[in-house]
Amino acid sequence: MISSYSFGRMVIDGKIYTQDLIIYTDRIESSWWRKRGHSVCIEDIKGIFKEKPEILVIGKGSPGMMNVLSETKEALLEHGITLIEEPTEKAVKSYNELSKNKRLCGVFHLTC
């Protein structure tokens with residue numbers, strides 16, 4: 001469960017994160033970096049496919065500037081993973097709500 005989010009800062013289980021991150025089903029990868037800056041490529045989320053979540057929630061930054069490439073969306077669909085992509089504040093709310101009864105992962109851009 002994500003306790004809080006504000007621009008550039010996320011708190012999960014009492015730990016403060018100030019860099020983009022991936023929340024897997026059993027761990028958090030902090031300092032997540034994308035191959036193409038503000039675009040999410042398949043390579044950027046390859047660990048997600050191994051986790052086999054039902055849903056992937058992507059927080060696209062405070063104003064929602066990050067872009068999920070069409071080939072990434074297609075790959076998620078092919079793996080049976082539902083994609084929810086929203087500005088990070090809204091994505092945090094979706095993630096927390098869905099985490100109550102769904103197997104999911106989340107990737108979050110904390111700034112722009």
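Start by selecting Asn 96 and Ile 2 in this predicted model. The side chain of Asn 96 comes to 2.8 Å from the backbone nitrogen of Ile 2. Keep both on screen and add Met 1: leaving aside residues up to four places away in sequence, Asn 96 touches Met 1 and Ile 2.

Is Asn 96 buried or exposed? Its relative accessible area is 13%, and because buried means under 20%, Asn 96 counts as buried.

Now widen the selection to residues 88–98. This is helix α3, and Asn 96 is found in it.

Next, show the strands. Which order do they follow in the sheet? Reading across, you meet β5-β4-β10-β7-β9, an open sheet of 5 strands with mixed pairing. Colour β5 (28–30) and β9 (82–86) to mark the edge strands, each of which pairs on one side only. On average, neighbouring strands of this sheet are turned by 10° against each other, direction ignored.

Stay with β9 and add β7, residues 55–60. These two strands run parallel, and 5 bridges join them. To see one pair of partners, pick Ile 55 and look for Thr 82 in β9, its bridge partner.

Finally, bring α3 back into view together with the sheet. Where does this helix pack? Helix α3 packs on the sheet and touches β4 (21–23), β7, β9 and β10 (104–109). Turn the view until you can follow both α3 and β10: their directions make an angle of about 165°.

For a last stop, select Asn 96 again, and you are back in helix α3, at the residue whose side chain reaches the backbone nitrogen of Ile 2.

Terms used: Residues numbered from 1 in each chain as written. Predicted model: local features only at pLDDT ≥ 70, side-chain atom pairs only at ≥ 80, totals over all residues. Heavy atoms only, no water. Helix = DSSP H or I, 4+ residues; strand = E, 2+ residues; numbered from the N terminus. Buried < 20%, exposed > 50% of the residue type's maximum accessible area, 1.4 Å probe, protein only. Polar contact = N/O pair within 3.5 Å; in protein donor to acceptor, adjacent residues only side chain to side chain. Contact = heavy atoms within 4.5 Å. Pairing = 2+ DSSP bridges. Axes fitted to C-alpha atoms, helices over the stretch in contact; angles between N-to-C directions.
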